Amino acid sequence: MKTFNLTSIFLLASLLLSGCSVDHFSLFQSDAPAPVQVDHQKPAPKHGDVSARKAAFFASMKPVVMRENNRIRELREELYAIRALRHPGKAKLKLVARVARDYQLELKGEPDAAFWQELLVRVDEVPLEMALVQAANESAWGSSRFAREGNNYFGQWCFKKGCGLVPNQRAADATHEVRRFAGVDESVRAYMYNINTSGAYAEFRSIRHSLRVQSRPLDAESLVYGLRSYSELGMTYVEMIRSMIRSNRELIANS
């Protein structure tokens with residue numbers, strides 16, 4: 001599954017505010033938290049108070065990203081516990097097979113070492129700083145039409161008529177729409193699912209796995225190098241996100 005992005009539309013707004021010069025989506029929806037909505041009716045801070053506006057955005061998005069990462073972490077720990085068993089029962093293997101399907105892998109027979117590695121490479125967290133900064137960039141700090149009307153904070157497209165919002169400047173021969181989500185939590189979950197399964201982000205997952213093997217923290221600035229395919233801007237996008245992470249790190253930590 002490839003996700004297309006709206007980076008070029010919101011790049012200028014994001015840079016000014018930053019301070020720097022699908023339809024597969026069934027992943028454990030039954031245990032998803034109740035949708036969290038950003039309050040778009042609440043008056044935003046005046047443009048002069050950029051820090052206050054940025055802090056408000058991070059404060060609204062941070063708990064949603066953390067909750068989804070916690071859900072993935074708990075699932076990952078459960079998989080590790082099953083892998084450690086010498087003879088997992090049928091129920092455990094059924095769970096593993098279901099997780100594998102959700103993460104676009106297939107389990108044939110007993111899971112072997114190669115299967116476990118690939119599954120655990122995919123079932124893993126996305127750094128908080130990276131997710132928050134990408135959300136800020138892709139949604140113009142929550143001010144975009146797609147964030148306000150469709151809870152879409154990560155520039156994800158869909159290709160079925162009526163699946164989302166039709167861009168005002170869409171080319172006459174284009175059929176894509178900007179995906180609509182029921183809530184912010186669903187947008188975050190779809191974003192992380194895409195990062196964890198799409199072939200476009202295999203490099204991201206490889207870097208993350210390397211950090212895990214070395215028992216190092218999931219450093220956002222290092223992992224951003226795996227996002228060159230997230231935008232048509234390529235390495236320019238990577239450097240922009242890295243700069244935004246550095247300039248907003250303290251604000252994120254205190255939000």
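Start by selecting residues 235-254, helix H10: its 20 residues reach 29 Å from the first C-alpha to the last, close to the 28 Å expected at 1.5 Å a residue. That expected span is 1.5 Å times one less than the number of residues. Helices here are DSSP runs of H or I with at least four residues, strands are runs of E with at least two, and both are numbered from the N terminus.

A quick word on what you're looking at: this is a predicted model, where local features need pLDDT of at least 70, side-chain atom pairs count only at pLDDT 80 or more, and totals for chains, interfaces and linings use all residues. Residues are numbered from 1 along each chain as its sequence is written, and side-chain values use heavy atoms, with hydrogens and water left out.

**Stop 1: along H10**

Stay on H10 and click asparagine 248, where the helix bends by about 60°. The bend is the angle between axes fitted to the seven residues ending at a residue and the seven starting there. Now colour the buried residues of H10, which include Tyr237, Met240, Met244, Asn248 and Ile252. Buried means under 20% relative accessible area, exposed means over 50%, and partly exposed is in between (1.4 Å probe, protein chains only).

**Stop 2: zoom out**

Show the whole chain as a cartoon. You should find 10 helices and 3 strands, in the order α-α-α-α-α-α-β-β-β-α-α-α-α along the sequence. Of the 255 residues, 50% are buried.

**Stop 3: the core**

Which residues touch the most other members of the largest nonpolar core? Select Leu79, Leu119, Met130 and Tyr191, out of 54 residues in that core. A nonpolar core is a set of buried Ala, Val, Leu, Ile, Met, Phe, Trp, Tyr and Cys residues joined through side-chain atoms within 4.5 Å. Elements giving two or more residues to this core include helix H2 (50-83), helix H7 (184-197) and H10. H2 provides the largest share, 9 residues.

Centre on leucine 119 and show its neighbours: Leu79, Val96, Val99, Ala100, Tyr103 and Leu105 are in contact with it, leaving aside residues up to four places away in sequence. Contact means heavy atoms within 4.5 Å.

**Stop 4: charged pairs**

The whole structure holds 15 salt bridges, each being a side-chain nitrogen of Lys or Arg within 4 Å of a carboxyl oxygen of Asp or Glu. Try glutamate 118 and arginine 122, whose closest N and O atoms are 2.8 Å apart. These two sit about one helical turn from each other, because they are 4 residues apart in helix H4. Glutamate 118 is partly exposed at 31% relative accessible area, while arginine 122 is buried at 11%.

Next, pick arginine 212 and aspartate 124, a salt bridge with its closest N and O atoms 2.6 Å apart. Arginine 212 is in helix H8 and aspartate 124 is in the loop between H4 and H5, so this pair ties together parts 88 residues apart in sequence. Aspartate 124 is buried, with a relative accessible area of 2%; arginine 212, at 30%, is partly exposed.

Then go back to H10 for arginine 249, which forms a salt bridge with glutamate 221, the closest N and O atoms being 3.1 Å apart. Glutamate 221 belongs to helix H9 (residues 220-223), and the two partners are 28 residues apart. To see a joined-up set, select Arg73, Arg76, Asp124, Glu125, Arg208 and Arg212, which salt bridges with shared partners link into one network.

**Stop 5: an arginine without a salt bridge**

Find arginine 205 in helix H8 (residues 202-213). How far away is the nearest side chain of opposite charge? Glutamate 118 is 5.1 Å from it, and arginine 205 is buried with no salt bridge. For charge, Lys and Arg count as positive and Asp and Glu as negative; His and the chain ends are not counted. Residues that arginine 205 touches include Val121, Arg122, Ile195 and Gly199.

**Stop 6: two loop residues**

Finish with glutamine 104, in the loop between helix H3 (90-102) and helix H4 (113-122). Glutamine 104 has a positive phi of about 60° although it is not a glycine. Tryptophan 141 also has a positive phi of about 60° without being a glycine, and you'll find it in the loop between helix H5 (128-138) and helix H6 (145-150). Buried or partly exposed? Glutamine 104 is partly exposed at 36% relative accessibility, and tryptophan 141 is buried at 5%.
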